[in-house]
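Visitor: Could you take me on a close look at one part of this structure? I'd like to go through the sheet slowly, and then glance at what else is around.

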Amino acid sequence: MDTNWLSYSLSDFLMFGPEVFLRLFVRINQDIWPWQVIAVIMVVAIGALLVRGDVLARRGILLLVAAAWLWSGAGFLIEYYGPINTPATWFGWAFVLQGALLTVVALVWRWDTVAGQSGAARWSAGIGWVVIMGLSPLLTVAQSGSWHSVALFAVTPSVTALGAVPCMLVLPRRIRWLFLLLPLVWGLFSVATLWTLGTRVLVVVPATTLALVVLALLFSPRRAQNRG
Amino acid sequence: MATELTRRKFLIALAATGLSLRIPSLMAAPVGETITRTIPSSGEKLPAIGMGTWRTFNVGGDQHLIDQRTEVLKTFFDLGGTLVDSSPMYGSAAEVMGEALDTLNARDKLFSATKIWTGDGGATREQDRASRRKWGIERFDLQQVHNLVAWQSHLEALQQMKADGEVRYVGITTSHGRRNGDFERIMEAEPLDFVQLTYNVLDREAEERLLPLARERGIAVIVNRPFQGGSLFRRFQSHPLPSWASEAGCGNWAEFFLKFTLSHPAVTCAIPATTKVEHMKENMGAMVGKLPDDQQRARMADYVAGL
C-alpha cells in the first residue's frame with residue numbers, strides 16, 4: 001500500500017512548539033538552582049586543564065567532559081526533553097553511555113605521546129574554549145528573551161556536545177572518532193529539530209558542533225613528542 | 001457639587017474608558033444558539049466545534065503549561081464544546097489531558113476521541129487500555145485508526161470492541177490529503193461512524209470525493225487542520241476581513257476559516273487546536289450565529305485565493 005512518505009515533512013514528526021521547548025531550559029534551571037555553579041566551575045576547570053595540557057590534565061578534561069555527558073543526558077534529555085520527544089530519551093541514554101565510556105578511557109588510557117603544542121597555543125585553546133562556553137549559552141536567552149533559559153555546558157545537551165568536541169582532540173585519532181559519533185548524530189538531529197521549530201538562532205550551536213566534528217576527525221597533531 | 005477636571009483626572013478617566021472598552025471583548029463569550037450536528041449512525045447531537053490537541057497539549061511535566069492548557073480546556077467546556085481529539089502519537093498530550101480533566105472534574109462534559117497508532121495490528125486493545133488510563137475514563141466515545149496504520153486489523157478489533165460496548169463509535173483518520181484513494185475505498189467498504197480528514201478554505205480536495213461519499217454513506221466527518229496548522233493565520237491575518245464577512249456570519253479570521261469549513265453540509269465537527277484562552281474564545285465564536293451559504297462560501301474561497 002502506498003505510504004506517501006514523500007508527502008511528509010519534518011514538521012509532521014514534531015509534536016511540540018517552540019514555547020514548550022524553550023520552557024525546558026527554564027524548568028531545569030529552576031529545578032537545579034543553585035547547582036549551576038558546578039557547571040560554571042567545570043567550564044573554568046576544563047579551560048585551565050587545556051592550558052596545562054599534560055597527561056594528568058588530559059585525564060581531568062576527559063573526566064569532566066564525561067560528567068557533562070552524564071549530567072545533560074540523564075537530566076535534561078531523559079527527565080525533561082524525553083516526555084515531549086521520544087528520540088530525546090534515546091539520545092539521553094546515548095549521552096549516559098558516552099559519559100560512562102569516556103570515564104573508563106580517561107582512567108585507563110595510556111598516552112605514549114602527547115602533541116608538542118606551544119604554550120601560546122594551549123593558552124589560546126583554553127581561553128577560546130571558555131569564551132565559547134560562556135557565549136553559546138546566551139543563544140537560548142536571545143531566542144526566548146529570558147535569562148532563566150540560559151543553556152549551560154554540562155546541563156543542556158547541545159552546548160555540552162559543542163564543548164565536548166574540541167576536548168576530544170586530547171585523544172589520539174584512532175579512538176577519537178568513537179567519541180565524535182554521538183556529537184555528529186546529535187548535531188544533525190538538533191539542526192533538523194531547531195530549524196523545524198523555527199528557533200533559528202539556536203541552530204548555530206549544533207551547526208558549529210557539526211563543523212567541529214569534521215575538523216576534529218581531520219585534525220592530526222603536527223608533530224608528536226615522545227614523553228615515554 | 002462642581003468637580004474640577006484636572007489633566008491628571010482626565011488622563012485617568014481616559015485610561016479607564018479605554019480599559020472598559022477592552023474588557024468586554026476579552027471577557028465576552030459567544031452568545032446565541034450553539035451550532036450542533038447530528039452523528040448519522042446514532043442521531044446523537046454534537047457541538048460543531050471540537051478541540052484538537054496536536055502539538056498544543058504535549059507539554060510534558062511542565063506544571064505552568066499544564067495549568068495554562070487546563071484553562072484552555074475549561075474555556076472550551078464553558079463555551080459549549082464537548083469533543084476533544086488526541087492520539088498516542090502526540091507525546092504527553094493524553095497524560096496532560098487526564099490531569100486537566102482531573103483538575104476541572106469535567107469528564108461528564110467530554111466526548112472523548114482518540115486514535116490507535118501502532119504498526120502492531122494485535123495491539124489495539126492494549127493501546128486503547130493505555131489511553132483510557134491516561135485520560136482517566138472508562139471508555140472512549142470514539143476510537144479511530146490513525147492515518148490508516150495497520151488499519152485492517154485495528155478496524156476489525158475496534159468493530160468488535162464496539163459490539164462489546166468497549167467503545168461507542170469507530171472511525172479512521174487521515175490528514176494533509178494523504179492516501180485519499182485508500183481512504184475512499186475503506187469508506188465504501190467498511191461500516192464507519194466517523195472519518196477524520198483535512199479540509200479548509202485552501203485544502204479542498206475532500207470536496208471532490210470524500211465529503212460527498214461521507215454524506216452518501218451516513219458517516220460523520222471530523223475536520224482536522226481547519227487553520228492548516230496555523231498557516232492560514234500567518235498568511236492572511238495581516239489582511240483585512242472582506243467588508244461582506246459579517247453577512248457570512250464572520251467577525252474575525254478564526255470565524256472566517258472555521259465557518260467556511262463548518263458550512264459544508266457533510267462536516268460534523270472541526271477540531272482546531274490552540275494554546276491560548278483568547279484564541280479558544282475566538283474559535284468557539286464560530287459555533288454561534290449564521291453560517292455562510294453556497295454563494296458566500298464561493299466568495300470566501302475566491303477572496304482568500306486572491307490575497
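Guide: Here is a walk along the sheet of chain B, followed by a few stops elsewhere. Keep in mind that this is a predicted model, so everything below is computed from predicted atoms.

Let's start with the overall layout. Chain B has an open sheet of 8 strands, in the order S3-S4-S5-S6-S7-S8-S9-S10, with parallel pairing. At its edges sit strand S3 (51–52) and strand S10 (269–270) of chain B, each of which pairs on one side only. If pairing is a new word for you, strands of a sheet pair through backbone hydrogen bonds, either parallel or antiparallel.

Now zoom in on the stretch from S6 to S9. Find strand S6, residues 140–145 of chain B, and look across to strand S7, residues 167–173 of chain B: the two run parallel and are joined by 5 bridges. You can check the match-up residue by residue. B:Leu142 stands opposite B:Tyr169 in S7(B), and B:Val145 stands opposite B:Ile172 of that strand. How does the chain get from one strand to the other? S6(B), helix H5 (residues 151–163) of chain B and S7(B) make a right-handed β-α-β unit.

Stay on S7(B) for a moment. This strand is mostly covered, with 6 of its 7 residues buried. On its way to strand S8 the pattern comes back: S7(B), helix H6 (residues 180–189) of chain B and S8(B) form a right-handed β-α-β unit. S7(B) and S8(B) run parallel, with 3 bridges between them. To see how they line up, look for B:Gly171, which faces B:Phe194 in S8(B), and for B:Thr173, which sits opposite B:Gln196 in S8(B).

S8(B) deserves a pause of its own. It covers residues 194–198 of chain B, and 5 of the 5 are buried, so the strand is largely enclosed by the rest of the structure. Here a bit of background helps: in a regular strand the side chains alternate between the two faces of the sheet. Try tracing that on the model. B:Phe194, B:Gln196 and B:Thr198 point one way from S8(B), while B:Val195 and B:Leu197 point the other way, and all are buried. Whichever way you look from this strand, then, you find buried side chains.

One more step takes us to strand S9, residues 220–224 of chain B, which runs parallel to S8(B) and is joined to it by 5 bridges. One of the pairs to look for is B:Thr198, whose bridge partner in S9(B) is B:Asn224. The chain crosses from S8(B) to S9(B) through helix H7 (residues 210–217) of chain B, and this β-α-β crossover is right-handed too.

Next, the cysteines. Over all chains, the count of disulfides is 0. B:Cys250, for example, is in no disulfide: the nearest cysteine sulfur belongs to B:Cys269 and is 17 Å away. B:Cys250 is buried, with a relative accessible area of 4%. Over in chain A, A:Cys167 is buried as well, at 0% relative accessible area.

Since you asked what else is around, let's look at the empty spaces. Searching the whole structure turns up 1 cavity of 30 Å³ or more, and its volume is about 180 Å³. A total of 20 residues line this cavity, and the closest to its centre are A:Phe21, A:Phe25, A:Ser158, A:Leu194 and A:Leu202. The elements giving two or more residues to the lining are helices H1 (18–32), H3 (55–81), H6 (138–144), H7 (157–167) and H9 (181–197) of chain A. H9(A) gives the most, with 5 residues. By class, the lining has 14 nonpolar residues, 6 polar ones and no charged ones.

Our last stop is the second largest pocket, which has a volume of about 730 Å³. Of the 32 residues lining it, A:Asp12, A:Phe13, A:Met15, B:Met89 and B:Trp117 lie nearest its centre. Helix H4 (86–108) and H9 of chain A are the elements that give two or more residues to this lining. H9(A) again supplies the largest share, this time 4 residues. The lining of this pocket divides into 18 nonpolar, 11 polar and 3 charged residues.

Methods. Residues numbered from 1 in each chain as written. Chains lettered and ligands numbered in written order. Predicted model: local features only at pLDDT ≥ 70, side-chain atom pairs only at ≥ 80, totals over all residues. Heavy atoms only, no water. Disulfide = S-S within 2.5 Å. Buried < 20%, exposed > 50% of the residue type's maximum accessible area, 1.4 Å probe, protein only. 1 Å grid on protein atoms, 1.4 Å probe; cavity = no way out; pocket = protein on both sides within 12 Å on 5 of 7 lines; lining within 4 Å. Points joined across faces, edges and corners; volume = space filled by probe spheres on them. Nonpolar A, V, L, I, M, F, W, Y, C, P; charged D, E, K, R; others polar. Pairing = 2+ DSSP bridges. Right-handed = clockwise from strand over helix to strand, strands pointing away.
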